[in-house]
Amino acid sequence: MADIKHFDSEVKMNVKGLRLAKLNKNNDEIAYLAPEIIDGIMEISREVQTSSGEVYGDGRIRRQVNKRTATKITLKHNGLPQEWRAYMEGVKVSTSGVEYDSESVVPGEFAMGYVIEKTNGKKEFVWLLDCVAQPSKNTMTQSEDKVTWSTDTIEILSLYVPAFDRSYTSVDMENPVNESIKEEDFFAKVQTDDAIQPAASRP
């Protein structure tokens, strides 16, 4: 009898290290600005959205196709900086620091990266390559017998990027081929292909 393959994976226990990078599009080309570290990430969830269809024949389903269309991201944060919240929502901030909207509000697109910590020191690194956010939901309550913290909840759509033939790039340190990849290297820039270039080798 053949041996049964047995997996004992590490357990995901924390999310941290939120990185955001603004992007510029020129037709099918994307250029990223330098990533920025945004402290305060609390929770992130990913839900793949699909379109599906069935073909019937002889009174039964003969074929079913599920096609990935986008990924819905929900980000909970202690409080995004005004600069980034305004960029995501497309609102304006004047030189005097006044924030306001207008009829021509266009949300800014961006890349988003984060770290998933696991047991035994393992980690997973993720870059979402093209994101568009909906206006943030702010929850604010008064403090009564104890301090009450307020949070931002941001609904984000992670889009497929034809130029890179992917919507995200991720490495998991549980895969032995990824053990040498360092966090500072992965997040030194937005990673868009299979070769993670070490930061020290960049000019």
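Of the 203 residues in the protein, 34% are buried. The model is a predicted one. It contains two helices and 12 strands, and the order of these elements along the sequence is β-β-β-β-β-α-β-β-β-β-β-β-β-α. Among contacts between residues at least 6 apart in sequence, 59% join residues at least 24 apart.

## Nonpolar cores

In soluble globular proteins, nonpolar side chains tend to be buried together. The largest nonpolar core of this model has 21 residues. Within this core, the residues with the most contacts are Leu20, Met88, Phe110, Met112, Tyr114 and Ile156. At least two residues of the core come from each of β1 (12-26), β4 (41-57), β5 (60-77), α1 (82-89), β8 (110-118), β9 and β11 (151-158). Another core, of 17 residues, lies apart from it and has Ile30, Val161, Ile181 and Ile196 among its members.

## Helix α1

The buried residues of α1 include Trp84, Ala86, Met88 and Glu89. Among the elements that cover the buried residues of α1 are β1, β3 (36-37), β6 (92-93), β8, β9 and β11. Gly90 follows the helix and has a positive phi, near 85 degrees. Two residues of α1 also take part in interactions of their side chains. Lys22 lies over the face of Trp84, at 5.6 Å from the ring centre. Arg85 forms a salt bridge with Glu99, with the closest N and O atoms 3.3 Å apart. This pair links distant parts of the chain, since Arg85 belongs to helix α1 and Glu99 to strand β7 (residues 99-100), 14 residues apart. Glu99 is partly exposed because its relative accessible area is 30%, between the limits of 20% and 50%.

A second charge over a ring is found elsewhere: the charged end of Arg46 sits over the ring of Tyr168, 4.8 Å from its centre.

## Aromatic pairs of strand β9

The structure holds seven aromatic pairs. Phe125 takes part in a pair with Phe186 that is tilted, with 5.6 Å centre to centre and 35 degrees between the planes. Phe125 lies in strand β9 and Phe186 in helix α2 (residues 183-186), so this pair ties together parts that are 61 residues apart in sequence. Both of these residues, Phe125 and Phe186, are buried.

Phe125 also pairs with Phe187: the ring centres are 5.7 Å apart and the planes stand at 75 degrees, so the pair is edge-to-face. Because Phe125 lies in strand β9 and Phe187 in the segment after α2, the pair ties together parts that are 62 residues apart in sequence. Phe125 and Phe187 are both buried. Together with Trp127, the residues Phe125, Phe186 and Phe187 form one aromatic cluster.

## Charged and polar side chains

Side chains of opposite charge can pair when their charged atoms come close. The structure holds 12 salt bridges, and three of them are listed below.

| Salt bridge | Closest N to O distance |
|---|---|
| Arg19 and Glu183 | 3.4 Å |
| Glu99 and Arg85 | 3.3 Å |
| Glu183 and Lys123 | 3.2 Å |

Glu183 appears in the bridges to Arg19 and to Lys123. With Arg19 in strand β1 and Glu183 in helix α2, their pair ties together parts that are 164 residues apart in sequence. Both Arg19 and Glu183 are buried. The bridge between Glu183 and Lys123 likewise links distant parts of the chain, with Glu183 in helix α2 and Lys123 in strand β9, 60 residues apart. Glu183 counts as buried because its relative accessible area is 17%, under the limit of 20%. Salt bridges that share partners join Arg19, Lys123 and Glu183 into one network.

Glu124 also lies in strand β9 (residues 123-133). Is Glu124 buried or exposed? Its relative accessible area is 12%, and Glu124 is therefore buried, under the limit of 20%. The side chain of Glu124 makes a polar contact with the side chain of Ser170, at 3.3 Å. Apart from neighbours within four places in sequence, the residues in contact with Glu124 are Lys12, Tyr114, Val115, Ile116, Lys118, Ser170, Val171 and Asp172. One of these, Tyr114, is listed among the residues with the most contacts inside the largest nonpolar core.

Definitions and conventions:
Residues are numbered from 1 along each chain as its sequence is written. This is a predicted model: local features need pLDDT of at least 70, side-chain atom pairs count only at pLDDT 80 or more; totals for chains, interfaces and linings use all residues. Side-chain values use heavy atoms; hydrogens and water are left out. Helices (H or I, at least four residues) and strands (E, at least two) are DSSP runs, numbered from the N terminus. Buried means under 20% relative accessible area, exposed over 50%, partly exposed in between (1.4 Å probe, protein chains only). A polar contact is a pair of N or O atoms within 3.5 Å; within protein, one must be able to donate a hydrogen and the other to accept it, and residues adjacent in sequence count only if both atoms are side-chain atoms. Contact means heavy atoms within 4.5 Å. Rings of Phe, Tyr and Trp (its six-membered ring) pair if their centres lie within 6.5 Å; planes under 30 degrees apart count as stacked, over 60 as edge-to-face and the rest as tilted. A charge sits over a ring if NZ of Lys or CZ of Arg is within 6 Å of the ring centre and within 35 degrees of the ring normal. A nonpolar core is a set of buried Ala, Val, Leu, Ile, Met, Phe, Trp, Tyr and Cys residues joined through side-chain atoms within 4.5 Å. A salt bridge is a side-chain nitrogen of Lys or Arg within 4 Å of a carboxyl oxygen of Asp or Glu.
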